[in-house]
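Trainee: Please take one part of this model, its interior, and go through it closely for me. I would like to know how to tell what is buried, and where space is left.

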Amino acid sequence: MPERRRIASLPDRLPDRLTALRTPADPGFWRSPVRGARFTAVLGLVLLVGLTLLFVTGLLSYAAYNPDLDPVNDKTPGKGWLGLYLFAWPTGPHWLYRLTQGLHVTVGIVLVPVLLAKLWSVIPRLFALPPARSVGHALERISLLLLVGGALFEFLTGLLNIQLDYLFPGSFYTLHFYGAWVFLAGFVAHVALKLPQAVRVSRSGIPRGEPGPRAAPGTPTEADPLAAPDPLPATLSRRGALAMVGAGSLLLLITSAGRSFDGALRRIALLTPRGGTEQGPGPNAFQVNKTAAAVRITPADTGERWRLTVRGPAGELRFSRAELLAMEQHSAALPIACVEGWSTSDQLWRGVRLSDLAALAGYPDSPPDVFVESLQRSGSFRKAALRDNQVRDGRSLLALEVNGAPLSPDHGYPARIIVPAAPGVLNTKWVETLTFGEL
């Protein structure tokens, strides 16, 4: 009798063993009851809006570098027609780059849970066999490869850049730029194929071919293509899963967005390297990326022997800091905003207008572009070019003071560039040479 009972129990355990032998290509391998067309469609529509915003603000960030002005500004050589949208980056409003890049980075961080949930919801389709049932289906799969691969690459490199962890080979600017265009190719193709269905499913919860609740009896139906054919017992509703994704995004927003603000909000921005800490008291107590010590700027470099060299048609002129302070001084309230998404509030800068220095260099009427060189001898953006519209703006300064005090070494003493709406790396610190024209 015991032997008969053991043999009789084998059929009861056989389905579990067969389930264990299933592969990811088998629809029955995926048993979560949360997956479904409507769940995926809602996430897809959120990503449609968010990723579109990311792409637009990313292109604006690239344009803000004026990459077609001089090779030192451009880390993406050979861009060709991919640079068709480039234009002279404006200087107003003065908070423009602070807004666009703050949105780019913050929205990117907030979308991480949405992207991961979307990929999780459709992962069974990535293992579906055969890989291509037709030419059209093959093109759709290729677009998915570009879309998924491009999205993961862009998010990974972007998050590493925010954390100042450059683990990837090559320049972040080059990799992120070309990765964005690869992603866009897959994104546009996928949206063209899936947007009508996503809108319909998000409204009704009904996949293509499945009748609505009021359909006549006997109407043919089509099963939800993303739902598990043999789901496990539900422990979380689809609405609950969406709420969890939203809660994750909200948590990331709270712990990262504050790096674009001062005070309490910056103190809770714990997930970014430019948040969570106080900069201390005093007029120079606001955020920096590079310190003087980090780039080996010494007191000997910035002491009494320091001179600013100004070049132009008038020849080569040299000025001490005392001589610069004796010139007509102007003030401008401008923020510092960096590509990593962090920024400061407006700081009150004071110094000599770039247009006045251009006049001394031999351009009294129409200031041209300027090539700026720093005392910094290594590292990126120790040299930068500014466009003529930036030089002409009366708020563009060779700053000598900030908030009523001399610049600190970390903020660029003895002199630094400050330009409205420009990325932080173009506001060169520890300026040594200004060459006007001939760019």
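Mentor: A residue counts as buried when its relative accessible area is under 20%, and as exposed when that area is over 50%. Keep in mind throughout that the model is predicted.

Start with serine 320, in the loop between strand E2 (315-319) and helix H10 (321-326). Its relative accessibility is 12%, so serine 320 is buried. Leaving out residues up to four places away in sequence, serine 320 touches Trp306 and Arg307. Phenylalanine 371, in strand E5 (residues 370-374), passes the same kind of test: its relative accessibility is 14%, so this residue is buried too. Between phenylalanine 371 and phenylalanine 381 there are 12 Å in space, C-alpha to C-alpha, for ten residues in sequence.

Now the nonpolar cores. The largest one has 76 residues, and those with the most contacts inside it are Leu324, Leu354, Leu357, Leu398, Ile417, Leu434 and Phe436. Helix H2 (residues 37-64) gives the largest share of this core, ten residues. A second core, separate from that one, has twelve residues, among them Trp349, Ala399, Leu407 and Ile418. For a view from one residue of the largest core, take leucine 354. Apart from neighbours within four places in sequence, leucine 354 is in contact with Leu386, Val391, Ser396, Leu397, Leu398, Ile417, Val419, Leu434 and Phe436.

H2 deserves a check of its length. It has 28 residues, which at 1.5 Å a residue should span 40 Å, and its end C-alpha atoms are 40 Å apart, so the two values agree. The same reasoning can be applied to helix H5: 28 residues, an expected span of 40 Å, and end C-alpha atoms 40 Å apart, which again agrees. After H2 comes asparagine 66, with a positive phi near 50°. Just after H5, leucine 164 has a positive phi of about 60°.

Next, the space that is left. Rolling a probe the size of a water molecule over the atoms shows where it lies. Pockets are open, whereas a cavity is a place from which the probe cannot get out.

The largest pocket holds about 1,200 Å³. Its lining has 50 residues, and the closest to the pocket centre are Thr40, Val122, Arg125, Lys194 and Leu226. H2, helix H4 (112-126), helix H5 (135-162) and helix H6 (172-204) each give two or more residues to this lining. Sorted by class, the lining contains 34 nonpolar, five polar and eleven charged residues.

The second largest pocket has a volume of about 600 Å³. There, 30 residues form the lining, with Asn289, Lys290, Glu340, Ser380 and Val425 nearest the centre. By class they are 13 nonpolar, twelve polar and five charged.

How many cavities of 30 Å³ or more are there? The count is two. The largest cavity has about 560 Å³ of space. It is lined by 28 residues, and Gly58, His104, Glu154, Phe172 and His176 lie nearest its centre. At least two lining residues come from each of H2, helix H3 (96-110), H5 and H6. This lining is made up of 18 nonpolar, eight polar and two charged residues. The second largest cavity has a volume of about 40 Å³. Its lining consists of His94, Trp95, Tyr97, Arg98, Pro335, Ile336, Ala337, Val419, Ala421 and Ala422. Of these, eight are nonpolar, one is polar and one is charged. Val419 belongs to this lining, and is also among the contacts of leucine 354.

Last, some backbone details. Most residues other than glycine have a negative phi, and most peptide bonds are trans. Tryptophan 430 has a positive phi of about 55°, and its place is in the loop between strand E9 (416-418) and strand E10 (431-436). With a relative accessible area of 1%, tryptophan 430 is buried. Arginine 296 also has a positive phi, near 65°, but a relative accessible area of 73% makes arginine 296 exposed. There are cis bonds to note as well. One runs from leucine 129 to proline 130, with omega near 0°, and proline 130 sits in the loop between H4 and H5. Another joins tyrosine 413 and proline 414, with omega about 15°.

How values were computed:
Residues numbered from 1 in each chain as written. Predicted model: local features only at pLDDT ≥ 70, side-chain atom pairs only at ≥ 80, totals over all residues. Heavy atoms only, no water. Core = buried A, V, L, I, M, F, W, Y, C linked by side-chain atoms within 4.5 Å. Buried < 20%, exposed > 50% of the residue type's maximum accessible area, 1.4 Å probe, protein only. Helix = DSSP H or I, 4+ residues; strand = E, 2+ residues; numbered from the N terminus. Contact = heavy atoms within 4.5 Å. Expected span 1.5 Å × (residues − 1). 1 Å grid on protein atoms, 1.4 Å probe; cavity = no way out; pocket = protein on both sides within 12 Å on 5 of 7 lines; lining within 4 Å. Points joined across faces, edges and corners; volume = space filled by probe spheres on them. Nonpolar A, V, L, I, M, F, W, Y, C, P; charged D, E, K, R; others polar.
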